[in-house]
Structures are given as structure tokens and as C-alpha cells.
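Here's a quick briefing to read with the viewer open. Have a look at the fold first, then work through the notes by topic.

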Amino acid sequence: EDVTAIAARERTLNQAVEGRRSELQRSFEALEDASTSHAAASAAVAATQREHDTVCEEAERSREQLEQRQARLQDRTPVDRLTRSIKALRKEMAGIELRMGVARHLTWAHSSRTAHESRAAS
């Protein structure tokens, strides 16, 4: 009887150990599946991170270009130079028009005097 009880107890323990071994095997398989999924997800995260870094770099370059353009637009030096040049040209044109008026008047006065002298001599 003692041997029979021990054998029964051994079978019970062996069944329990076999159940635990099967459970452990399933856990290892689940762990392997999870590790594979984790590796794939990590690769996807790394790819997304690289893409994010690229987009951030492009955004930074665009922001810098925009700031440079805004700085150029806010630089009034070319506009001020053009304004001064236009004022100088207007002043010069007024002087030329005055000289032209004087030249016309002198020409008219000379023609009138010449015409008057021609009539007086005849």
C-alpha cells in the first residue's frame, strides 16, 4: 500500500509538473512572439523617429529662410535710396525745365529783335 500511495502521489506530481512545463512552454512561446512584435514595433518607432527628425530639420530650415526673407523685407535701405534718387531726379528735372524756359525766352527775344531790326531796316 505504501508503494501504491507513493506511485499515485508520484503520478499526481508528474501530472502537475507536466502541466507546469506545458504552461512554461506556452509562456516562452508568448514571450518569443512578444519579443518579435516588440522588435518590429521598435523598428517602426525608429523609422518614425528618423522621419520626425527629418521633418523637424526641414521645418527649422524653412523657419530660418522665412526669418531671412522677413529681415530683407524689413530692410528699408533700398527703398530709402530709391526715394532719395527720385527726389534728386525731380530737382534736376525742375532745373532743366527752368533752363529750357530761359533758352526759349532768349530764342524768342532774339527772333523778335531780329525781326524788328529787319523791319526797321527796310
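What follows is a short tour, from overall shape down to individual side chains.

Keep in mind that this is a predicted model. The protein has two helices and zero strands, and its C-alpha atoms fill a box of roughly 175 × 20 × 10 Å along the principal axes. Buried residues come to 0% of the 122 residues.

**Overall shape and surface**

- The radius of gyration is 52 Å, whereas a compact globule of 122 residues would come in near 14 Å.
- Helix α1 covers residues 2–74, and helix α2 takes in residues 77–121.
- For a feel of the span, take Glu-10 and Met-100: they sit 90 residues apart along the chain, and their C-alpha atoms are separated by 131 Å.
- The accessible surface of the protein adds up to about 11,300 Å², with 58% of it belonging to carbon and sulfur atoms.

**Nonpolar side chains at the surface**

- Leu-24, Phe-28 and Leu-31 together make a nonpolar surface patch of about 310 Å².
- Leu-24, one of the patch members, has its place in helix α1.
- Is Leu-24 buried or exposed? Leu-24 counts as partly exposed because its relative accessible area is 45%, which falls between the 20% and 50% cut-offs.
- Over in helix α2 there's Met-100, which is also partly exposed, at a relative accessible area of 44%.

**Charges and salt bridges**

- The protein carries 20 positive and 20 negative charges, and the mean positions of the two sets are 23 Å apart.
- Why would charged side chains pair up at all? Side chains of opposite charge can pair when their charged atoms come close.
- How many salt bridges does the structure hold? There are five salt bridges in the structure, and the items below go through them.
- Glu-18 and Arg-21 form a salt bridge, with 2.8 Å between the closest N and O atoms. These two are three residues apart in helix α1, so about one helical turn separates them.
- Both ends of that pair are partly exposed: Glu-18 is at 38% relative accessibility, and Arg-21 has a relative accessible area of 45%.
- Arg-20 and Glu-23 meet in another salt bridge, this one with an N to O distance of 4.0 Å. They, too, are three residues apart in helix α1, about one turn of the helix.
- Here the two partners fall in separate classes: Arg-20 is exposed, with a relative accessible area of 59%, whereas Glu-23 is partly exposed at 40% relative accessibility.
- Arg-76 and Asp-80 also meet through their side chains in a salt bridge, at 3.5 Å from N to O. Asp-80 counts as partly exposed because its relative accessibility is 30%.
- Finally, a network of salt bridges links Glu-60, Arg-63 and Glu-67.

**What to take away**

- The prediction gives a protein of two helices with zero strands, a radius of gyration of 52 Å and 0% buried residues.
- If you'd like places to start in the viewer, try the nonpolar patch of Leu-24, Phe-28 and Leu-31, the salt bridge of Glu-18 with Arg-21, and the network of Glu-60, Arg-63 and Glu-67.

Conventions:
Residues numbered from 1 in each chain as written. Predicted model: local features only at pLDDT ≥ 70, side-chain atom pairs only at ≥ 80, totals over all residues. Heavy atoms only, no water. Patch = residues over 30% accessible without salt bridge, like charges linked within 9 Å, V, L, I, M, F, W, Y side chains within 5 Å. Areas by Shrake-Rupley, 256 points an atom, 1.4 Å probe, with all protein chains shown as cover. Helix = DSSP H or I, 4+ residues; strand = E, 2+ residues; numbered from the N terminus. Buried < 20%, exposed > 50% of the residue type's maximum accessible area, 1.4 Å probe, protein only. Rg over C-alpha atoms; globule rule 2.2 N^0.38 Å. Lys, Arg positive; Asp, Glu negative; His and termini not counted. Charge placed at Lys NZ, Arg CZ, Asp CG, Glu CD.
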